[in-house]
Amino acid sequence: MRTLTRNVILPVVLFSLMLLNTSFVDLFRDKVEFKGYFGKEILFEGKNYFCTERGDSISIDMCRFYISDVEFYSGEMPVAGFDYKLIDLFDTSSCSFYISGYSHGPITEIRFKLGIDSITNVAGVGKGDLDQTKGMYWTWQSGYINMKIEGKSKLCRTNRGTFQYHIGGYSAPTNSLREIVLKAESDNGNFQINVDVEKFFAQLDMEHTTHVMSPSAKSQELADQSVKMFSINK
Amino acid sequence: MKKRLLVIGLLSLLLFAFRSADMFLDIPESLGKPVYDFKKKPLTIEKVELGRKLFYDPILSKNNQVSCANCHSSYNAFAHIDHQLSHGINDIIGTRNAPALMNLAWQSSFMWDGAVNHIEVQPLAPISNPIEMDETIEHVVEKLQHTSPYPQLFFVAFGDSVITGERVLLAMAQFQLTLISANSKYDSVIAGTSIFTVQEEKGYKLFQQNCSSCHKEPLMSNYEFRNNGLAVDTMLNDFGRMGITHNTKDSLLFKVPTLRNIEYTYPYMHDGRFKSLNQVMNHYTSGVVHSRTLSAELNKPIQLSSNDKIDLIAFLLTLSDRTFVFNKNFAYPSPNNSLPRPKDKP
């Protein structure tokens with residue numbers, strides 16, 4: 001019995017473990033990272049960014065959003081994916097994740113929804129990132145907040161120039177869920193998804209639209225605009 | 001060998017001791033199929049008891065003074081009696097009369113305007129409303145983590161003592177799902193174990209002719225949204241469902257309330273404007289205000305003689321369920337009235 005253990009089982013187990021380890025770490029484990037920008041500059045919490053198109057500055061205090069139905073494609077074939085994740089651009093630990101467990105060719109496309117779908121929205125309490133304590137849920141009217149962008153700008157005629165854009169709504173006519181498809185090109189298996197917040201403000205009349213906090217036509221406009229923020233590999 | 005058996009035996013005993021007890025909830029077939037999926041998330045006695053404790057605990061409010069039961073009294077079918085408009089934290093008067101709570105597993109939307117889409121997320125609305133509890137679920141979780149005996153109760157209910165928003169809300173939903181009322185005289189008449197008096201029978205016929213298209217049997221509501229012709233209160237300017245959908249077709253629509261236990265749930269209507277069932281009768285016969293969104297059934301006034309009204313009220317009183325209102329499992333939790341665990345049963 002002991003000889004069998006020493007001579008056959010142990011080496012086989014060790015060898016399989018090694019194989020497993022290699023395949024996960026070196027071959028099929030790609031890193032995806034979301035990184036905030038304001039135009040060409042890296043986005044920092046509370047920093048003033050000169051907004052060239054408007055001749056004024058904007059600072060961002062919060063940029064959080066859900067990604068869901070995340071799918072990684074190799075050519076036409078979905079090879080990996082997961083259901084949802086909350087990204088907070090000012091919490092780096094939330095901004096990156098690994099794609100693992102897939103066994104087909106290089107990833108060429110990343111698809112995800114910006115926000116939470118209607119089925120999840122009517123399914124009651126959520127777990128993990130969907131827990132209703134994450135500050136991404138409307139309490140007075142059920143529904144997840146797909147994206148929150150908050151900050152300050154003198155363009156806003158509000159107390160201390162604050163603005164708050166909370167985008168959500170899961171059912172017609174105020175469905176603010178949007179799909180994002182990004183062509184993925186990477187030499188080293190790492191993907192950086194850039195989130196250029198400046199693009200969010202490009203079409204926004206900040207003088208008149210300072211607070212959006214409910215499922216509404218405005219929320220839909222902002223959802224359309226927010227899609228433009230995302231690009232891959234600057 | 002014996003030692004090993006002993007260890008296995010002890011381990012399985014331990015497992016058995018920590019297995020939470022699935023609760024036997026009597027779901028009356030007479031009410032039809034519930035909306036809530038009990039198979040997906042089965043009730044357990046420990047979660048129901050935890051939810052009940054939370055329901056009665058003012059820790060859910062900012063100043064630790066307002067509990068759910070403040071506006072939802074078990075002795076009044078969980079309605080807020082004697083107040084037209086319910087009052088919340090610091091005695092601030094709200095804008096609506098708190099609705100009665102019963103048969104919630106059969107409903108797919110909550111609140112007078114249907115703002116809430118699932119029983120599990122319903123408590124978030126009163127907890128965070130600045131004129132109700134003025135608290136946040138995040139802070140409630142934090143307070144519970146530091147308040148005995150909650151970590152132990154969450155351990156018993158969920159297998160570890162981690163307190164999350166998900167668990168708080170799930171426990172509260174489980175308690176509220178047990179609030180089932182299907183044991184009124186009306187129910188026993190339908191089941192064939194009792195009979196109406198002549199007057200109740202007359203009232204039942206009138207009810208079927210005039211009321212039951214919205215107050216649909218057996219739940220005594222279709223749980224849809226309707227404009228029942230109440231004049232707009234110009235102080236409140238409450239346009240009901242439209243506030244949620246922003247659709248002008250929904251102006252002045254409110255959720256049709258159940259008539260079950262109506263004897264206990266006065267005052268009536270979303271703003272508690274009617275103190276008595278007599279006033280309600282008079283509204284439907286002569287007080288209906290016509291407007292663009294008025295429910296089609298009310299276009300022609302309902303014709304009821306004064307005798308008809310008395311008969312109809314006699315029928316409505318057969319919807320009272322004393323076993324519901326005085327169910328000690330629904331009342332303020334104390335060691336004397338906690339739910340029996342299966343092993344405690346004789």
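**Exercise 1. Work out what share of chain B is buried, and how the chain is built.**

Step 1. Start with burial: 52% of the 346 residues of chain B count as buried, that is, they have under 20% relative accessible area, while exposed means over 50% and partly exposed lies in between (1.4 Å probe, protein chains only).

Step 2. Before going on, keep the ground rules in mind. This is a predicted model, in which local features need pLDDT of at least 70, side-chain atom pairs count only at pLDDT 80 or more, and totals for chains, interfaces and linings use all residues. Residues are numbered from 1 along each chain as its sequence is written, chains are lettered from A and ligands numbered from 1 in the order in which they are written, and side-chain values use heavy atoms, with hydrogens and water left out.

Step 3. Now list the elements. Chain B has twelve helices and two strands; these are DSSP runs numbered from the N terminus, helices being H or I with at least four residues and strands E with at least two. Read from the N terminus, their order is α-α-α-α-α-α-α-α-β-α-β-α-α-α.

Step 4. Finish with contacts (heavy atoms within 4.5 Å). Of those in chain B between residues at least 6 apart in sequence, 68% join residues at least 24 apart.

**Exercise 2. Find the largest cavity and describe His270(B), one of the residues nearest its centre.**

Step 1. A cavity is a set of points on a 1 Å grid over the protein atoms alone where a 1.4 Å probe fits but cannot get out, and its lining residues have an atom within 4 Å of a point. Two cavities of 30 Å³ or more turn up. A volume here is the space filled by probe spheres set on the points, with grid points joined across faces, edges and corners.

Step 2. The largest cavity holds about 90 Å³. Its lining counts 14 residues, with Leu230(B), Asp238(B), Leu252(B), Phe254(B) and His270(B) nearest the centre.

Step 3. Place His270(B) in the chain: look in the loop between strand E2 (254–255) and helix H10 (277–287) of chain B. His270(B) counts as buried because its relative accessibility is 7%.

Step 4. Leaving aside residues up to four places away in sequence, His270(B) touches Arg96(B), Asn97(B), Trp112(B), Leu230(B), Asp238(B) and Phe254(B).

**Exercise 3. Trace the partners of strand E10 (residues 162–168) in chain A.**

Step 1. Set the scene: chain A has five helices and 14 strands, and 46% of its 234 residues are buried.

Step 2. E10(A) is mostly covered, with five of its seven residues buried.

Step 3. Two strands pair if DSSP finds at least two bridges between them. Strand E9 (residues 143–153) of chain A runs antiparallel to E10(A), joined by seven bridges. Here Lys148(A) stands opposite His166(A).

Step 4. Strand E13 (residues 211–212) of chain A pairs with E10(A) in the parallel sense over two bridges. Tyr165(A) has Val212(A) in E13(A) as its bridge partner.

**Exercise 4. Identify what lines the second largest cavity.**

Step 1. This cavity has a volume of about 30 Å³.

Step 2. Its lining is made of Leu114(A), Asn146(A), Met147(A), Ile167(A), Ser176(A), Arg178(A), Ala223(A) and Ser226(A).

Step 3. E9 and helix H5 (217–227) of chain A each supply at least two of these residues.

Methods:
1 Å grid on protein atoms, 1.4 Å probe; cavity = no way out; pocket = protein on both sides within 12 Å on 5 of 7 lines; lining within 4 Å.
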